[in-house]
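The exercises below are meant to be worked through with the sequence and the 3D structure open side by side. Each one sets a task and then goes through a solution step by step.

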Amino acid sequence: MSTSAASAPRRFAFTPRRLRDRVGDGILHVVTAAAALSVLVVSGLIVYELVKDSKLTRDAFGFSFITSRAWDPVKGQFGALDFIYGTIYTSLWAVLIAGPAAIAIALFLTELAPRWTRTVIATLVDLLAAIPSVVIGLWGIFILGPVIQDHLGPFLSRWFGWTPFFKGTPQLEGYLAAVIVLAVMMLPITAAVARELFVTVPRDLKEGALALGATRWEMIRGVIIPQTRGGLVAAVMLGLGRAIGEAIAVTQVIGDTLGIHLSLFEHGDTLASRIAAQYQGASSNLQKSALVELALVLLVFSLITNILAQVIVRRFERQLGKS
Amino acid sequence: MSDRSGFSLAPTRQLRRRKLINLFAEIVMLTAALAAIAVLVAVIVAVVQRGHGALTKDFFTKPPSTNFLTGASGGGIANSIAGTIVIVACATVIALPIGILVAVYTSEFAHGWVRRVLAFVLDVVNGIPSIVIGIFIFGIYVLSHQQSAFAAGLALSIIMLPLVARSTQEVLALVPTTLREASFAMGVSRWRTVVGLIIPASFGGILTGGTLAIARAAGETAPLLFTSSLTTNEVSWNPHVALQSIPLTIFQDLEAPDPALHEQAWGAALVLLTFVLVVSVLSKAWLARNRRKLSR
C-alpha cells in the first residue's frame, strides 16, 4: 500500500485527508497485528510457564516422573504413570463408544432424517456440547452413578463378566462412569465435524451409487465413508482431545484413587482430574511443581492429538478444494 | 412375463439380505441420534426436577448461610452469581476486543502462510484443556499476586479468545466483496471501510459469536480452581479479590456430605444450565438468521 501511495502525485499525498487515511490504516494494521501477535505470545507463554514452574519436580525425579507410580505428598514422592494410564484408558473407551455413535448421528442427519427435522436434531445434539462439564458431572454422580451400580453394571457383568473389562462389582464411581461422561462430552464435537464432512460428498457420486442399485447403507459404506475417511479420523481425534483434557466431570465421577486396572468397575484417576482434585491440597512447593508437571504432560498429550487432527483436517480441506 | 423369460422382479434371497442389512444400519443410526437427544433430555429433566425446589427469592438474593452450631448449611448463592458476573465480565472485556482485532487482522492484512499459521494456532489454543490454562494463570499471575476474580477472568479470556476470533472471522468473510469494493472505489481508506462499513455490517454476528463464547466461559469450572477459589460467603463485586462462582459452588457442594448443599448444587446447576442453554439457543438462532441475511 505504501508503494502505491508513494508513486501517486505528491500533492495528493499531503492533503490532510490523505494523511489521515494513511495514518489510520497504519494504526489499524499495527493494532490488529499486535492482537494477532498476542495470541502467538500467549500460546508460547503457556508452554514456557509450565516448563518453568515444573522445574522442581523435573530436577528431582527427571524422566521417572512419567514412569513412576508413586504419588505420595507426605513422603514427597510423585509419579504420573497412574494418571497417564487413566487418561489414555478412559479416553480410548470413550472414543470406542462415542466415535461410531457420532458418525452414525452425522449419517442420520445428512442421509436419513426427514429434511425438516435436521436442523432441530442437529441443534439438540449441539446443545449437548453447551452443557457445562460441572453439570454433567453432577448428573454423573447422582443419576448415572446409581444406574450403573444397580442396572448397567450388573447387566454388563452378567454378559461380559468373562472379559477382563467387567470384572468385580459395579460401584457408583469409577472408570465406567467417567467413560460414559466423556463419551457424552465428545459426541457433539465429533458429530458436528463429521456432519460437515458428509455434506461435502458430491451429490452425483451418491446418486450414482443409488442408481446402480445400492441400498442406502451400501452407498454410505461404498461412497460416503471412503470419501471422508481422513476427515473422520480427525473428527474423532478432535473429540479425543476434549476427552483427554476434561477435568471437572471426570474428577466428580472417577473416584480419584491411584491404580491401574483393566476393569471398568474400578476406581482410578486421570491427569486432568488429579490436578482439579488437588487444587486446595497442594501445600509443599514440590507438590505444586508436581501438579504443574502433570499439567505439562496433559498439555503435551492434548497438543499432539489436536495438532494431528488439525493437520489432517487441513490436508483434507485442501484435497476437497482441488477436486 | 416372468414365467416366460425366467426373470422375476420378486426380491431374491440376496436382495432381501441386503435390504435387511440396510434396515439394520438405518435403525442403528436412528438409535444413535435418539440416544444423544435422550441424554440431553435426561440431564435437563434431572436438573429441573431436583433444582427447582431450591429456587426461591432468597436463593438469588442471599449468600450461603452456615450455622456452625448445628452444622446446617444452605441458603442462597448471591455471592456466586455476583462472582460469575464479575469474572465473566473481566474475561469478556479482555477477549472480545482482542478477538475481534485478531479476526480483522486475518481478514484484512494477513496473507498466505501468516493467515494459515494464525488460524492453526487459534484452533490449537482452542484445544488446550481448560485446567491447563488455569494452571498457567496460576503460575504466571496468581503466584506473584494472589487469587482474584481478575485472574479468573484472565484464564477465561484465553478460552474465549479463539472462539470470538474464529466466529468473527466467519462473519467477516460473509460480508459481500461488492460492499468492500464499492467502498474502496469511492476512495474510502481501509480503516474507514473496516470501522464504518465491515464491522457495522457484521456487528450482529460478531456479538452473537461473543455471547456464545460468554455462555461457554460462564460454565467453565476448571480454570477457576486455581485462580478464584479461596473465597468468602460475602457478596462482593470487587475484581481484586477471589470471588465465588456458580460452577465452583456446584463443584464444592458436591464434595460436602451435607444434603442441603446437594440441593443448593442442583439449584445452582439449574440457574447455570438455564442461562447457558437459553443464551446458546438464542444466539444460534440469531446467528443463523444473520447469516441468511448477509449471504443473501
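**Exercise 1: the surroundings of one residue**

Leaving aside residues up to four places away in sequence, A:Ile121 touches A:Leu109, A:Ala113, B:Ala33 and B:Ile37, where two residues are in contact if their C-beta atoms, placed from the backbone, lie within 7 Å. This is a predicted model, in which local features need pLDDT of at least 70 and side-chain atom pairs count only at pLDDT 80 or more, while totals for chains, interfaces and linings use all residues. Residues are numbered from 1 along each chain as its sequence is written, and chains are lettered from A and ligands numbered from 1 in the order in which they are written.

Task: place A:Ile121 in the secondary structure and decide whether A:Ile121 is buried, exposed or partly exposed.

Solution. Step one is to locate A:Ile121, which sits in helix α7 (residues 115–130) of chain A; helices (H or I, at least four residues) and strands (E, at least two) are DSSP runs, numbered from the N terminus. Step two is to apply the burial rule, by which a residue is buried if 20 or more other C-beta atoms lie within 10 Å of its own, exposed if 12 or fewer, and partly exposed in between, with C-beta atoms placed from the backbone. Because A:Ile121 has 18 C-beta neighbours inside 10 Å, A:Ile121 counts as partly exposed. Step three is to compare sequence with space: A:Ile121 and A:Ala290 are 169 residues apart in sequence, and their C-alpha atoms are 44 Å apart.

**Exercise 2: the contact between the chains**

Task: state how many residues of chain A and of chain B are in contact, and which helix of chain A gives the most to its side.

Solution. Begin with the totals, which are 69 residues of chain A in contact with 68 residues of chain B. On the side of chain A that touches chain B, helix α3 (residues 16–53) of chain A gives the most, with 20 residues. Sorting that side of chain A by class then yields 48 nonpolar, 15 polar and six charged residues, where Ala, Val, Leu, Ile, Met, Phe, Trp, Tyr, Cys and Pro count as nonpolar, Asp, Glu, Lys and Arg as charged, and the others, Gly among them, as polar.

**Exercise 3: two helices that cross**

Task: describe how helix α11 (residues 216–245) of chain A and helix α2 (residues 13–51) of chain B are placed relative to each other.

Solution. First take the axes, which are lines fitted to C-alpha atoms, for helices over the stretch in contact, with angles running from 0 to 180 degrees between N-to-C directions. The axes of α11(A) and α2(B) come within 7 Å and cross at roughly 75°. The two helices are therefore roughly perpendicular to each other, given that angles under 35 degrees count as roughly parallel, over 145 as roughly antiparallel, 65 to 115 as roughly perpendicular and the rest as oblique. Next list the partners: A:Arg216, A:Trp217 and A:Glu218 in α11(A) meet B:Arg18, B:Ile21, B:Asn22, B:Ala25 and B:Glu26 in α2(B). By class, the residues of this contact divide into three nonpolar, one polar and four charged.

**Exercise 4: domains and extent**

Task: find the domains of chain B, and set the radius of gyration of chain B against that of a compact globule of 296 residues.

Solution. The domain bounds come from an automatic or database domain assignment, which gives chain B domain 1 (2–54) and domain 2 (73–295). The C-alpha centres of these two domains of chain B lie 38 Å apart, and their contact takes seven residues from domain 1 and seven residues from domain 2. For chain B the radius of gyration is 26 Å, whereas a compact globule of 296 residues would have one near 19 Å; the radius is taken over C-alpha atoms, and the globule rule is 2.2 Å times the number of residues to the power 0.38. Along the principal axes, the C-alpha atoms of chain B fill a box of roughly 95 × 65 × 35 Å.

**Exercise 5: an enclosed helix**

Task: explain why helix α6 (residues 130–142) of chain B is described as largely enclosed by the rest of the structure.

Solution. Count the buried residues of α6(B): twelve of the 13 are buried, so α6(B) is largely enclosed by the rest of the structure. Among them are B:Ile131, B:Phe136, B:Gly139 and B:Val142. For chain B as a whole, buried residues make up 48% of its 296 residues.
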